[in-house]
Every structure is written in C-alpha cells, then in structure tokens.
Amino acid sequence: MKKILLSFIVIILISNSLTLHVYGEQILSDIKKKELIEKVDKLLKEGDNVNLRRNVNDVFLLGDIYSEEGEDKKAINLFTEALKVDAWRLEYQLKLAKLLTKNKEVNQAMQIAKIVYELAEEEKLVVEAEELLNNLDKNLLGKLKEKDIKQKKEIEDNIEIIIVPIGDVNKRLLSELREHLEKNIGIKFSFFKKELQSGNFDRSYAVLYVKKIFENITSSLSSYNIEQLLHEVNLKKSDVDIHEGKIKLIKTYFNKIPEGDKILKEFETNLKNLESEGQYDVDRIIGELRNILPIDKKSKIKGYLGITEVDLFGCDSNFLFAGAIENYGVVSYLRFKAIFNGETQNRHRLLERTLKQSLSSTLFILGIPRCITPNCVHGYPNNLYEHDQKSVEMCTQCSDRLNSYIKHNLDVDSVKK
Ligand SMILES: [Zn+2]
C-alpha cells in the first residue's frame, strides 16, 4: 500500500513539474525552457560579444525551439544574433536561409545559401544548400557551377583510370574530383561500379600515442638511466622496439617519478580510448586493389585510384596522405578536412587539396617518377602546409612526361589494331 501511494505521489510530482518537449535531439521541460529564455534574453541585452560567443549554443538552441514551434520571426532573430558572433556554424546559416525563404526574404536567403553552397565541406549541407538555391534562383546556381569548370581540355578516351571509393566517402567531393582530374590530366576517369569496404583498421592510434610518449621519456633520460629502467623490468633493448615493451617501460617510469600515479592513470585511460580507432595500411589496400582489380595489359584501363576518408599509414610513418605504385594508388582526404585540422570550412580548399594529391598519385600510377620542382603538383610535401604551398599545375618536365606517356600508349594501341 505504501509503495502504491508513493508511486502516486511520484507520478503527480512528475506530471506537475515536467512537461517535456523534444526539440531535435534535445529534450526540455517547461521549466528548463523558461530558464533558457531568461538566460538568452540576458545574454542579448548585455551585448558582451565574448560572453555571447561562450554561450552561443544556448542561443542556437532557443532558435531551434522557436523554429519548431513555428515562431519564425523569433527564430530568425536568434539565429541572426548567434551567427553574428559565430558565423562559421554553416548548419545554422542554412537553417536561417530556409526560414528566410519561407518568410519571403528571398534576397537575403539567397546570399546565405550561396555562402553555404560554396564553403560547406559536409555533403549533406552542400546538397541542401544546392536544393535551396535551385528553388530560389537557378541562374545563380548555374553561374556558381560554371565558375568551377573552366574550358575543358580535350579528353583522351582511350586511356582510362578507374576511381574506386573505399568505405564511406563524400560522393559529391569525388564527383567534383573526377571532373577536375580529367580536365587536368587529359585522360578519362570513371568510377568503379561499387564502393569497396574499408574493413578493420591495421594499426590503432594507441601505437602512435605510445611511440610519442616513449620518445619523450627516452629523450629526457641519459642512456645510463634507460639501461637501468630496462634492467628493472627485465627487458632487452630490442624489446622496446615493439608496442608492449614500450608500454612496460613507460609504466615503470611513471611509477618512479613524483605524482607519477596520476600520470599513469591518465596514460592508461588515453591508451584505452585510442585502441578503438586506427589507421589503414597503404600497402595492404594497394595489395587488395591489385587482387580484386588486375590490370589487363591490352585494356585501355591503365590504373585504379582508391579514394577514402579513412586515415592511412605506411611502414613506420605516423600517417600518409596517399600511397601509389605503378597501376595502383590510394588517397585519403581525411587530413584535408577542416574538421580534422581545426580550420574553418572551405569546400574549394578541400577539393583542391584532394585534387593535388590525386593528381600526383595518378602520375605515379602512370609510371611518372617523383618530381624535384618545388611547387610542382608532383613534388613531395612533408606536411599539410607544404602540400598547400604546391601548385595544382604540373611543371614542364612532368607535363612532357605525361604527354609522351599518352602518345606512346596511343601509338602502341594503333599498332595493335
Ligand atoms: Zn613536376
């Protein structure tokens, strides 16, 4: 009886205080909503941009709430205020553009949709912005697209490279990439009929993490101290060449230093988190491409170029943008994305970075060796900065080599016929 009574009281209490509303992924009670309105009101009245930016998610959230409740004017106002201090939230730019369209503010909506269309890197945002622009002004969209595709060079149809998507990829990026590759190299590029699975990673991020900590520790110790540490855990020098050996030495070291137990705990937590994600071995992927898609010397297909969003590595490297040998290559655009580098989104930059890498990999696929002209697209970049400094163009030498490759292959083909 007591139990039943208690549950009644609980039910009455809950129903009085908590009317829940679902806003997108957020669940808010009336009380919380009231608190949110007061907080946002205060933020906007204060006019302190630094504080507004710090709490900008509250403003966006309240805007979402108004938008779902059909209070368009209020939502438009809040999105606008929030975007004034956090303009790179392109998903909210798009929401604002949609609300403005609905409320017949067409010119302003168009301006905003154009920004999202040109800058957003995520496929979903670009597609939605494109749809909106298409409804608002087909001519403008046409002009935006024209800007990207300049005069087409004649494409040689009898030499072909097949682009193979590996894992979940940004299809829009790949389709733009294909067009630009054709234009820049002057041979045909097509898509393989399906995506290949990326499968399981080959090396977890924990390996890189341990390597870095290990290097930090050993570089701060004398060789005598390292010998002592090794001796204590019964390890030979060669044992720390492998992952487990390094971990053992790191743990022993942390156990010896002041406050080491705290650091050790943090190390173990990080290690555990990093074990669930990882990188893919370029050589393995290329090997798989070769097995699945062998090259027939008589065919006009001269190579396969895998494109993926998974992170790549090869041998002992920390990461690779790509890997390629004759006939086969794979490029990852993961490290070109704004979100990976903490940059603001820029779709043109993402495409250009991916294009440069794909151009260089294609030249390898065609058997054209690495170039030593510093700003040639086929030069070696050691990091993203150097990659960005490269031009998207081939130097004269690479260009000559490509032309003679094309000519040679066409001559051989005509002899065959
Ligand atoms: Zn070159």
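## Exercises on a three-domain chain

The protein chain splits into domain 1 (18-147), domain 2 (156-200 + 280-416) and domain 3 (203-276), with bounds from an automatic or database domain assignment. This is a predicted model, where local features need pLDDT of at least 70, side-chain atom pairs count only at pLDDT 80 or more, and totals for chains, interfaces and linings use all residues. Residues are numbered from 1 along each chain as its sequence is written.

**Exercise 1.** Work out how the overall dimensions of the protein chain sit against a compact globule.

*Solution.* Start with the radius of gyration, taken over C-alpha atoms; the globule rule is 2.2 Å times the number of residues to the power 0.38. For 417 residues that rule gives something near 22 Å, but the protein chain has 28 Å. Next, box it up: along the principal axes, the C-alpha atoms fill roughly 90 × 75 × 50 Å. Finally, check burial (20 or more other C-beta atoms within 10 Å of a residue's own, with C-beta atoms placed from the backbone): 28% of the 417 residues count as buried.

**Exercise 2.** Describe the side of domain 1 that touches domain 2.

*Solution.* First, the spacing: the C-alpha centres of the two domains, domain 1 and domain 2, lie 37 Å apart. Then count contacts (C-beta atoms, placed from the backbone, within 7 Å): nine residues of domain 1 meet 10 residues of domain 2. Helix 7 (106-119) and helix 8 (123-136) are the elements giving two or more residues to that side of domain 1; helices here are DSSP runs of H or I, at least four residues, and strands are runs of E, at least two, numbered from the N terminus. Helix 8 supplies the largest share, three residues.

**Exercise 3.** Lay out the five-stranded open sheet and find what packs on it.

*Solution.* Begin with the strand order, 4-3-7-10-9, with mixed pairing; a pair needs at least two DSSP bridges. At the edges you'll find strand 4 (187-191) and strand 9 (322-325), each pairing on one side only. Now zoom in on one pair: strand 3 (residues 156-166) and strand 4 run parallel, joined by five bridges, and Glu-160 stands opposite Lys-188 in strand 4. Last, add the helices. Helix 15 (residues 282-292) packs on the sheet, touching strand 3, strand 7 (301-308), strand 9 and strand 10 (328-332), with its direction about 130° from that of strand 10. Helix 17 (residues 347-365) lies across strand 3, strand 7, strand 9 and strand 10, at about 165° to strand 10. These angles run from 0 to 180 degrees between N-to-C directions, using lines fitted to C-alpha atoms, for helices over the stretch in contact.

Definitions and conventions:
Contact = placed C-beta atoms within 7 Å. Buried ≥ 20, exposed ≤ 12 C-beta atoms within 10 Å, placed from the backbone.
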